[in-house]
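Colleague: I'm still new to reading models like this one. Could you take me on a close tour of the core and the rings packed into it?

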Amino acid sequence: MSSDPTPGILPTVSRAFLEDWLRLLRQQCPPQQLAGFLNQIRLTETIQPGGRVTHDQIVRLYQLIAAETGDEMLGLWSRPIRSGTLKHLCASMRGASSLSAALFRFTSFWNLLLDDFQLVLETEAGQMCVLLKPRGAYQPQRFGHMLLLKLAHGVSSWLTGRELPLAQVGFAFERPDFAEDYPILFPAPILFGQAQSRIVFAAQPDDLPVARSEVEMQEFLLRAPRDWIFTSYRTHALPLRLRELLLLSDRLDYHLKDAAKDLNLTPRTLIRRLDAEGTSFQGIKDGLRRDIAIRDLSRGLKSIEEISQDIGFASAANFHRAFRRWTNATPGAYRQGLPGEAGHRHLPHQNSKDVEDRSVVAFWVDD
């Protein structure tokens, strides 16, 4: 099965989501160093209400900090996870005979490294669950728990060549204000305030085999963490499938009845299923419009009028009102507030997937 990344515009996350990690980094990095990292990803230290962070910015920040600090878990645990750890983890899991064996190796590997938590693999009714059990009194770090569970899902999905469906994801902390960001990473029902953080893989037929070559592993590591932090394969949760359908339409001229037909559902059933996931068709459409606008404003290659037309607004004034509602800023103010924007505007855009700085990411695969 193809593991090509999903085409189109990946969802952004709220700035509040990233602040979980930045708060910890401020305790570990000198202010000037952290400001330098943020400037390189064109993000300011100042928190803007309604601010959004792109997939590329998170990936790049991860790479910069991991390379600079030599900690592949970015200071999220009580001891650093040294450079080369991800390479050895993938090599160990790649040699497993099945998915369950690979996940057992995943938990055993991390139990040799982490002082804060013990990882436990449980299997029941065909479902495999990875649990994070605290070693002593330890306050869960939200970004750390998210990243470790996402690593379990991302590497396992890469090994099997498909995005593995999840039955449930639970976190041992209360529901944060930015809870709507979590389904972007985990296409599954998500629970907060649980006794332990956990990720539950849906039952798989015949315990899926794993088969990845050495060359494929090297490519995966060179792109790290791009291929495992965000949902990136073609099998998605319903909101992300709808985003793809919207992207295929002309100027997002796509309606609920069109989506229901393409998904072989009645409009009423589609509304009910989206409501159960805490979203709506219009909310998904507006989120996609917002993310396209943020991308194009950041690139600086189109006028605001062109952007508003591209995402289906009848007038630039309507686009201004909507963008202010989404981000608490006008399109012009958002564009002007981007660090280094003047130096980037009107330059040909290059896809970050094609121009990753190998001096930053090469440490993933070096011996």
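Modeller: Sure, and let's start with a word we'll need: a residue is buried under 20% relative accessible area, exposed over 50%, and partly exposed in between, using a 1.4 Å probe and protein chains only. By that rule, buried residues make up 52% of the 367 residues here. Keep in mind that this is a predicted model, where local features need pLDDT of at least 70 and side-chain atom pairs count only at pLDDT 80 or more, while totals for chains, interfaces and linings use all residues. Residues are numbered from 1 along each chain as its sequence is written, and side-chain values use heavy atoms, with hydrogens and water left out.

Now the core. A nonpolar core is a set of buried Ala, Val, Leu, Ile, Met, Phe, Trp, Tyr and Cys residues joined through side-chain atoms within 4.5 Å. The largest one has 77 residues, and Trp21, Trp110, Leu148, Leu151, Phe171 and Phe186 have the most contacts inside it. Its largest share, 10 residues, comes from helix H6, residues 142–160. (Helices are DSSP runs of H or I with at least four residues, strands are E runs of at least two, and both are numbered from the N terminus; the protein has 18 helices and seven strands.) Take Leu148: leaving aside residues up to four places away in sequence, Leu148 touches Met73, Trp77, Phe106, Trp110, Leu114, Leu119 and Leu132, where a contact means heavy atoms within 4.5 Å. Apart from this core lies another, of 27 residues, including Leu242 and Leu263. As background, nonpolar side chains tend to be buried together in soluble globular proteins.

On to the rings. Rings of Phe, Tyr and Trp (its six-membered ring) pair if their centres lie within 6.5 Å; planes under 30 degrees apart are stacked, over 60 edge-to-face, and the rest tilted. That gives 23 aromatic pairs. One of them is Trp158 with Phe220, stacked at 4.4 Å centre to centre with 15° between the planes. This pair ties together distant parts of the chain, with Trp158 in helix H6 and Phe220 in helix H8 (residues 214–223), 62 residues apart. Trp158 has a relative accessible area of 4%, so it is buried, and Phe220 counts as buried too, at 2%. Ring pairs also link a cluster that includes Trp21, Phe171 and Phe186.

Phe186 has a charged visitor as well: Lys150 lies over its face, 5.5 Å from the ring centre. For that label, NZ of Lys or CZ of Arg must be within 6 Å of the ring centre and within 35 degrees of the ring normal.
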